[in-house]
Amino acid sequence: MVSFKTLIVAALPLLGLGLAQDETVTYTDKASGVVFNAWPAGDLTFGMALPPNSLTTANATEFIGLLTCTSPKGLGTGWCGVSLGGGMNENLLVVAYPSAGQVLTSFRWATDYTFPTVYTGNAKLTQISSATNATHYSVIFRCQNCLAWSQGGSQGAAPTSEGYLVLGWAHATASPSNAACPSAFRVGQHESQGIFAGQLNAAAVNPSYTAWAAKATATVAGSCGVTTSVAPAPKPTSQVPGVAGCAKSWTVRAGEYCYLIATNNGLSLDQLLGLNPGLVCNPLQIGTLVCLQR
Ligand SMILES: *[C@@H]1O[C@H](CO)[C@@H](O)[C@H](O)[C@H]1NC(C)=O
Ligand SMILES: *[C@@H]1O[C@H](CO)[C@@H](O)[C@H](O)[C@H]1NC(C)=O
């Protein structure tokens with residue numbers, strides 16, 4: 001096992017932050033009976049229940065997750081997420097936010113500190129329950145194929161037999177836009193974040209795991225309508241409705257994304273999206289004409 005000191009040294013460069021060793025608490029969800037190892041981390045609590053033997057003879061490939069996040073701006077507001085590998089980049093990210101009485105989730109992947117794209121691996125999330133109230137939203141979910149990941153030639157894992165997981169969290173009080181569709185929602189930057197070692201203890205594993213996992217029957221997909229359809233192959237002009245009335249525009253080049261174009265032009269992401277109704281950011285097609293000023 002890697003010593004905790006080695007872990008700290010290895011993890012420090014990830015976010016340039018010190019690595020806190022958060023306290024592990026045991027949390028039991030009354031409705032489902034699922035028992036979690038849980039870590040209160042800043043503005044959220046993340047928890048995990050694991051199959052038997054996950055701490056000893058077999059690295060788990062799945063877990064039952066608990067994510068409870070604060071909504072300081074009131075009922076149904078904000079978003080939060082966890083990184084199953086600690087840092088934001090090249091680790092599987094699970095994002096959750098309240099929307100229309102549900103809690104929607106999305107697997108995401110980042111290669112730099114900008115809005116993450118949709119994760120294309122075979123991770124699967126099904127919900128056992130979710131709840132939203134004036135101060136919090138919470139989701140309990142089964143996450144299959146979630147403890148090893150790969151995308152774009154990068155791969156990683158969260159090996160449970162090591163006895164701890166390096167985890168990251170992020171939280172924002174503002175709600176996503178385009179929230180109805182978890183594969184197309186947009187958010188600004190998180191307002192708080194952290195990285196910590198989640199110590200696993202015997203309460204994380206339970207012979208009832210299989211029975212608990214069977215309760216995860218809900219696929220909560222939101223409402224995506226046409227926004228999830230793949231954008232048509234780009235033509236050099238007039239992808240943006242109304243770009244004709246635009247005082248200043250920009251043709252998207254390789255490697256550019258909406259947030260970058262916005263900040264390069266002194267705009268917030270929301271302002272850019274406001275100038276370009278219907279703009280598809282994810283993926284942003286090369287050659288798209290984006291309006292910067294009307
Ligand atoms: C779990 O994965 C880690 C990292 O790949 C490996 O070192 C360890 O031997 C694995 N544990 C088991 C029980 O296979
Ligand atoms: C709101 O939800 C949170 C998290 O589930 C819970 O701790 C809190 O007690 C709830 N508040 C009320 C008023 O029920």
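## The chain as a whole

In this predicted model, residues 24 or more positions apart account for 67% of those contacts in the chain that have a separation of 6 or more. The chain has 294 residues, of which 41% count as buried, and its secondary structure comes to four helices and 16 strands.

## An open sheet of six strands

Six of the strands form an open sheet, and following the order of pairing one reads β8-β7-β6-β5-β13-β14, with antiparallel pairing. The edges of this sheet are β8, at residues 117-118, and β14, at residues 192-199, each of which pairs on one side only.

At the β8 edge, the neighbouring strand is β7, which covers residues 102-109 and pairs with β8 in the antiparallel sense over two bridges. Here R108 stands opposite V118, a residue of β8.

## Strands β4, β9 and β10

Strand β10, residues 136-144, is joined to strand β4, residues 62-70, by nine bridges, and these two strands run antiparallel. In this pairing, F63 has C143 of β10 standing opposite.

Strand β10 is also joined to strand β9, residues 124-132, by eight bridges, again with the two strands running antiparallel. The bridge partner of S130 is V139 in β10, and β9 and β10 together form a hairpin in which three residues lie between the two strands.

## The nonpolar cores

Which residues have the most contacts inside the largest nonpolar core? This core has 63 residues, and those with the most contacts inside it are F46, A49, F63, L67 and A96. The strand that gives the most to this core is β13, residues 164-172, which supplies seven residues.

F63, already met opposite C143, can be followed further through its contacts: when neighbours within four places in sequence are left aside, F63 is in contact with M48, A49, L50, C143, C146 and L147. There is also a second, separate core of 14 residues, which includes C258, I261, L279 and L289.

## A closer look at T45

T45 is found in strand β3, which covers residues 44-49. Is T45 buried or exposed? It counts as buried because T45 has 21 C-beta neighbours inside 10 Å, while the cut-off for a buried residue is 20 or more.

Leaving aside neighbours within four places in sequence, T45 is in contact with A38, W39, P40 and T68. T45 can also be compared with T70, from which it is 25 residues apart in sequence and 9.1 Å apart in space, taken from C-alpha to C-alpha.

## The surroundings of the two ligands

Around ligand 1 the residues are T57, A58, N59, P159 and S161. Sorted by class, this shell around ligand 1 holds two nonpolar and three polar residues, with no charged residues.

Around ligand 2 the residues are T68, A131, N133, T135, H136 and S138, and T68 in this group is also one of the contacts of T45. By class, the shell around ligand 2 has one nonpolar and five polar residues, and no charged residues.

How values were computed. Residues numbered from 1 in each chain as written. Chains lettered and ligands numbered in written order. Predicted model: local features only at pLDDT ≥ 70, side-chain atom pairs only at ≥ 80, totals over all residues. Near = placed C-beta within 6 Å. Nonpolar A, V, L, I, M, F, W, Y, C, P; charged D, E, K, R; others polar. Core = buried A, V, L, I, M, F, W, Y, C linked by C-beta atoms within 7 Å. Buried ≥ 20, exposed ≤ 12 C-beta atoms within 10 Å, placed from the backbone. Contact = placed C-beta atoms within 7 Å. Pairing = 2+ DSSP bridges.
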